[in-house]
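Thanks for making the time this morning. I would like to take you through the cysteines first and then through the internal cavities, so please keep the structure in view while I talk.

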Amino acid sequence: MLEVKNLCVSVDGNEILKGINLTVNAGEIHAIMGPNGSGKSTLSKVIAGHPSYEVTSGEINFDINRQKTNLLELEPDIRAKEGVFLAFQYPINVPGITNYDFLKTSFNSVCEYQGAPKLEDSDFRNFLNEKMKYVEMNPQFLSRPVNEGFSGGEKKRNEILQMAVLNPRLALLDETDSGLDIDALKIVSGGINKIHNKNNAVILVTHYQRLLDYIVPDYVHILSEGKIVKTGDKNLALELEKGGYEGVLN
Amino acid sequence: MSSTSIDKEYKYGFTTDIDVDQLAKGLNEDVIRKISSLKNEPEWMLKHRLKSFKIWQKMTEPQWAQVNYEPIDYQDICYYSAPKSYVGVNADGEKPKNLEDLDPELLKTFEKLGISVNEQKRISGVAVDMVFDSVSVGTTNKEILDKYGVIFCSISEAIQKYPDLVKKYYGSVVPATDNFYAALNGAVFTDGSFCYIPKGVKCPIDLSTYFRINAEETGQFERTLLIAEEGSYVNYLEGCTAPMRDTNQLHAAVVELVALENAEIKYSTVQNWYTGDKEGRGGIYNFVTKRGKCLGKNSKISWTQVESGSAITWKYPSVILQGDNSQGFFYSVALTHDYMQADTGTKMIHVGKNTKSTIISKGISADKSSNVYRGQVKIMPSAEGARNYSQCDSMLVGDMCNASTVPYIEVKNKSAVLEHEASTSRLSEDQLFYLQSRGMSLEESISMLVNGFCKEVFKQLPLEFSVEAVKLIEMKLENSVG
């Protein structure tokens with residue numbers, strides 16, 4: 001589904017990713033771990049199309065209608081419409097726009113692109129009510145401006161709600177576990193597990209093994225200084241927890 | 001970054017090729033007498049004009065606004081320009097009855113601006129007064145207004161037909177001595193709209209004036225007077241456009257509103273004068289004095305403005321809250337881009353007891369523009385229990401622009417309660433990326449962010465105006481973001 005080939009990325013002239021290779025198939029969960037500054041967040045943002053990063057070489061291929069398509073040629077909104085989703089590490093406030101209007105506009109933009117019927121208010125509300133159960137979200141959130149005045153945990157839950165609504169084929173979750181207490185972590189990972197199925201794939205960017213107790217990865221990759229230096233199964237994360245990066249990498 | 005320039009997209013930048021009667025450039029007593037005689041004015045109005053002119057001659061241009069421009073040569077402006085085919089008011093104050101009899105070029109111009117005279121006749125939701133350079137060329141939907149006793153006509157017509165009303169209220173809100181541009185306007189104003197809503201009448205349709213500057217090197221000095229009698233209500237809309245020219249043109253209008261007991265006036269403007277080009281050449285100098293007086297108890301006046309045009313905007317729609325329990329509102333969105341400069345805001349003068357004012361100002365500055373909110377809240381000793389709430393938010397697009405908030409607060413009564421909130425934010429790449437990564441296109445994303453930012457102001461506008469305002473701002477910002 002996703003094939004990252006020899007990806008090199010710079011920002012303001014500093015090379016951050018130095019030849020990433022990564023293949024993700026439908027149904028898989030990949031965890032990407034690594035020390036601060038190793039390029040984890042950059043990788044997920046580049047796949048989603050953040051304009052601040054310059055791809056100096058390499059490819060990001062994504063299957064669209066069973067055709068390999070270079071994502072780098074698509075605008076960020078087209079990537080989203082084709083099923084790429086990024087849950088932000090720091091979700092952005094959108095003052096003056098209610099969560100409901102935001103979700104509805106987003107959902108209907110994607111539907112329109114995919115040729116699916118748009119949902120009018122009553123149908124969309126019903127649809128949304130189901131999705132909100134995934135992350136045990138209070139309906140009051142819908143009438144509040146997007147992320148404004150939300151606690152850290154509420155923002156992260158809101159990201160997963162957006163994911164549930166858009167139902168992406170590839171979800172990139174950038175430190176979705178950071179800033180969550182143990183109860184919120186359970187709720188958020190529960191939501192992700194409900195959305196995950198054999199037709200979609202999840203890439204988790206995280207610092208902590210803790211998340212992987214709830215969402216069990218098929219692969220764990222360790223990113224260091226812009227390269228994937230080690231790949232293993234879920235046990236690699238446990239080793240990491242014991243020995244730290246130094247222990248695992250040496 | 002989109003490469004289309006705003007100039008190409010200013011669809012109102014065309015010129016109408018029409019023969020005109022123009023006075024030679026320059027300003028002196030003779031010119032003023034000539035304007036007055038062209039308009040068949042009574043002696044008392046000429047006296048007003050000459051008095052204003054004397055006052056103006058002793059005044060100097062205000063320098064306190066944060067705007068820069070080359071000094072204006074007031075002798076190098078033409079003060080009267082009217083289409084040759086224009087049939088003015090005769091000595092009885094009558095104008096041609098049939099709008100279809102207007103010059104086809106004029107009809108075409110207003111049609112191109114989206115105001116079809118014929119269509120207007122059918123659409124009964126709004127009555128439009130069309131002002132072309134120095135003259136009002138026609139007013140639509142008069143029949144409906146007549147039924148309710150609502151007077152809506154050009155000020156020239158009103159001076160002849162309703163002299164008592166004009167004499168009573170003209171200059172009562174904005175006297176000639178108020179400021180330099182108001183004095184100039186008092187001397188040379190050529191046309192504008194007059195509205196009178198009788199006691200207890202809720203005006204059945206919206207009233208609207210469309211101002212069009214066409215002639216080159218001509219100033220437009222219009223004068224609007226709106227009177228709402230006891231217990232009446234009116235919704236008034238105003239739109240403005242001008243052709244694209246390399247030279248600057250002056251627009252110095254005066255608008256006076258009077259609300260009597262329990263009356264309510266809602267005045268909305270979408271200002272889209274030509275802004276000048278990418279290098280800052282040309283554009284309109286929009287130096288305007290707008291003020292309302294809540295004369296009666298429980299009266300209400302609200303100003304809603306979307307300022308998206310003009311090279312320079314100098315404009316402070318204000319309310320004098322004289323009647324007890326009266327309320328004043330100011331809702332503003334001011335967008336500046338390229339080299340535009342805006343210094344705009346309001347004055348709320350509390351005189352009566354338990355008077356309330358609300359100020360919501362949203363400034364968006366892009367490119368190399370400068371955008372200043374300047375507002376005064378004054379609580380007089382008599383204004384027991386006065387309240388004000390002010391909120392001034394600025395949004396920056398890019399890193400070359402400038403936004404400032406300059407509040408002046410003067411409180412002379414201890415019982416007053418005032419609140420002031422201000423914020424500055426940036427329309428950032430991250431924000432746009434967030435929305436785009438949720439499947440919204442760049443245009444949809446800008447639209448959503450701007451809408452969210454301006455929401456409290458847009459919701460004050462009549463629906464069709466608000467749709468137009470959102471589109472206008474989106475289109476202008478798409479060039480500055482990306």
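Let me begin with the cysteines: over all chains, the count of disulfides comes to zero, and I should say at once that what you are looking at is a predicted model. Take Cys195(B), which is in no disulfide, the nearest cysteine sulfur being that of Cys203(B), 8.2 Å away; since a disulfide would need the two sulfur atoms within 2.5 Å, that pair does not qualify. As for its surroundings, Cys195(B) has a relative accessibility of 0% and therefore counts as buried. In chain A, Cys111(A) is also to be counted as buried, because its relative accessibility is 8%, and the cut-off for buried is under 20%.

Now to the cavities. Searching the whole structure gives three cavities of 30 Å³ or more, and the largest of them has a volume of about 90 Å³. Which residues come closest to the centre of that largest cavity? They are Ser361(B), Gly363(B), Asn371(B), Val372(B) and Tyr373(B), out of 16 residues that line the cavity.

If you follow the lining through chain B, you will find that strands E17 (327–336), E19 (356–366), E20 (370–379), E21 (387–397) and E22 (402–411) each supply at least two of its residues, with E19(B) giving the most, namely four. In character, the lining of this largest cavity divides into nine polar residues, six nonpolar ones and one charged residue.

How values were computed: Residues are numbered from 1 along each chain as its sequence is written. Chains are lettered from A and ligands numbered from 1 in the order in which they are written. This is a predicted model: local features need pLDDT of at least 70, side-chain atom pairs count only at pLDDT 80 or more; totals for chains, interfaces and linings use all residues. Side-chain values use heavy atoms; hydrogens and water are left out. On a 1 Å grid over the protein atoms alone, a cavity is a set of points where a 1.4 Å probe fits but cannot get out, and a pocket is an open set with protein on both sides within 12 Å along at least five of seven lines; lining residues have an atom within 4 Å of a point. Grid points are joined across faces, edges and corners, and a volume is the space filled by probe spheres set on the points. Ala, Val, Leu, Ile, Met, Phe, Trp, Tyr, Cys and Pro count as nonpolar, Asp, Glu, Lys and Arg as charged, and the others, Gly among them, as polar. Buried means under 20% relative accessible area, exposed over 50%, partly exposed in between (1.4 Å probe, protein chains only).
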